[in-house]
Amino acid sequence: MTLLSKETVEVKRKWPLQKFYRFLYPLYFPVSILVLWQLAGTLGILEEHILPTPLKILSTFWLLLSNGDLSVHLLASGQRVVLGFLLGTITAIILGVATGFSKIAQQIIDPSLQMLRTVPLLSLIPLFILWFGVGEFSKVLMIALGAFFPVYVNIFLGIRLVDQKLYEVTGILQYSFKEKLTKLIFPSAMPNILLGLRLAMGTSWLVLVVSEMMGASAGVGYMIQDARAYSQTDIVFVGLIIFIILGKLTDSLVGLFEKRALKWRDTYKG
C-alpha cells in the first residue's frame with residue numbers, strides 16, 4: 001500500500017508538468033518562426049518595408065491601440081459582422097427548417113437557393129454597388145448572404161438525416177410535434193447546425209474584408225486597404241493578425257458551445 005501511495009503521489013506531481021508541456025507543444029513551431037523572422041530582420045536579410053519584424057509589428061499594434069484608431073476600426077467591423085451574421089443565420093434557419101420539414105417548400109424554394117449558391121459571392125459585388133451603393137446596408141447584406149448558405153445547407157441536411165426508425169419510435173410513444181422537435185429533430189441535427197454556424201462565421205469575416213475594401217471610412221479591412229496605398233506593411237500585418245485573432249476567438253466560442261451541447265453524444269467524443 002505504501003509503494004502504491006508513493007507511485008500515486010509521483011503521478012500527481014508529474015501531471016501538472018505534463019499539462020504544461022502539452023500547452024507548449026503547439027507553440028514550438030510558431031515561436032521558432034518568429035525568432036528566425038526577427039533575426040533575419042535585425043541582420044538586414046529582410047527589408048523592413050517589405051517584411052517588417054515581429055517587434056515592429058507589435059509596436060505598431062500598440063501605437064494604433066493607444067491612439068484609439070484600432071478601437072474605431074474594430075467597432076465598425078464588429079457591428080457589420082454581428083448584424084450581417086444575425087440577418088443571414090436567422091433567415092437561413094427559417095428557410096432551412098421550412099424546406100427540411102416540408103416537401104412542398106423544398107420543391108418551391110430549394111432549387112432556386114441551390115442555383116444562387118453556385119454563384120461566386122465576390123462576383124455579386126458590382127451588382128450590390130449598383131443596387132445599394134457603398135453604404136452600410138450593402139456591406140451588411142453581403143455578409144448576410146455569405147453567412148446564409150452554410151447555415152441553410154447544414155440545417156436542411158441535418159433535418160433530413162434524422163433516422164427514420166427514431167421517427168417511428170416517437171410515433172409509438174405518441175410524441176407531439178413540439179416534443180419531436182425538441183427531443184429528436186433538433187438534437188439529432190445539432191452537429192450539422194453548429195458546423196453551419198462555424199462555417200458561416202468564417203465566411204462572414206472573409207466577406208467583411210472584401211466589403212470594407214470596396215468602400216468604407218472605417219473598419220479593419222479599410223485600415224488594411226489604406227495602409228497598402230501608403231506602403232505601410234506593418235499596419236497591413238496588424239490588420240491580418242486582428243482578423244486571425246477574431247476568427248479564432250469566434251470559432252472557439254462556437255466550438256465551446258458545441259462541446260457543451262454535444263457532450264451527450266458518444267460519437268462526438270471520438
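**Buried contacts and salt bridges in an all-helix chain**

Asn 192 is buried, with a relative accessibility of 16%. Buried here means under 20% relative accessible area, exposed means over 50%, and partly exposed lies in between (1.4 Å probe, protein chains only). The model is predicted, and local features need pLDDT of at least 70, side-chain atom pairs count only at pLDDT 80 or more, and totals for chains, interfaces and linings use all residues. Residues are numbered from 1 along each chain as its sequence is written, and side-chain values use heavy atoms, with hydrogens and water left out. Asn 192 sits in helix α9, which covers residues 177-213. Helices are DSSP runs of H or I with at least four residues, strands are E runs of at least two, and both are numbered from the N terminus. Beyond residues up to four places away in sequence, Asn 192 touches Asn 154, Leu 157 and Gly 158. A contact requires heavy atoms within 4.5 Å.

The chain as a whole was examined next. It contains 12 helices and zero strands. The pattern along the sequence is accordingly α-α-α-α-α-α-α-α-α-α-α-α. The chain has 270 residues, and 33% of them count as buried. Among contacts with a separation of 6 or more, 70% join residues 24 or more positions apart. The accessible surface is about 17100 Å², and carbon and sulfur atoms hold 70% of this area. Accessible areas come from the Shrake-Rupley method with a 1.4 Å probe; for residues, only the protein chains shown count as cover.

Helix α7 runs over residues 136-160. Its 25 residues should span 36 Å at 1.5 Å a residue, and the end C-alpha atoms are 36 Å apart, so the two values agree. The expected span is 1.5 Å times one less than the number of residues. α7 nevertheless bends by about 25° at Phe 148. The bend is the angle between axes fitted to the seven residues ending at a position and the seven starting there. A proline, Pro 150, follows Phe 148 within four residues. α7 is mostly covered, with 19 of its 25 residues buried.

Three salt bridges were found. The criterion is a side-chain nitrogen of Lys or Arg within 4 Å of a carboxyl oxygen of Asp or Glu. Arg 80 pairs with Glu 136, and their closest N and O atoms are 2.8 Å apart. Arg 80 lies in helix α4 (residues 69-101) and Glu 136 in helix α7, so this pair ties together parts that are 56 residues apart in sequence. Arg 80 is buried at 4% relative accessibility. Glu 136 is partly exposed, with a relative accessible area of 43%. Arg 80 also forms a salt bridge with Glu 212, with an N to O distance of 2.6 Å. That pair links helix α4, which holds Arg 80, to helix α9, which holds Glu 212, across 132 residues. Glu 212 and Arg 80 are both buried.

Another salt bridge joins Asp 251 and Arg 198 at 2.8 Å, N to O. Asp 251 lies in helix α11 and Arg 198 in helix α9, so the bridge connects parts that are 53 residues apart in sequence. Asp 251 is partly exposed at 25% relative accessible area. Arg 198 is partly exposed as well, at 27%. Through shared partners, salt bridges join Arg 80, Glu 136 and Glu 212 into one network.

The N-terminal helices carry a surface feature. Leu 27, Val 31, Val 35, Leu 36, Leu 39, Leu 43 and Ile 45 make a nonpolar patch of about 680 Å². Patch residues have over 30% relative accessible area and no salt bridge; like charges are joined within 9 Å, and nonpolar side chains (Val, Leu, Ile, Met, Phe, Trp, Tyr) within 5 Å. Leu 27 is found in the loop between α1 (2-24) and α2 (28-42). Its relative accessible area is 34%, which is partly exposed. Ala 40, in helix α2, is buried at 15%. Leaving aside neighbours within four places in sequence, Ala 40 contacts Ile 45 and Leu 46. The C-alpha atoms of Ala 40 and Thr 53 are separated by 8.3 Å, with the two positions 13 residues apart along the chain counted as their spacing.

One loop residue has an unexpected backbone angle for its type. Ser 231 shows a positive phi of about 55° although it is not a glycine. Ser 231 lies in the loop between α10 (220-229) and α11 (233-261). It is exposed, with a relative accessible area of 58%.
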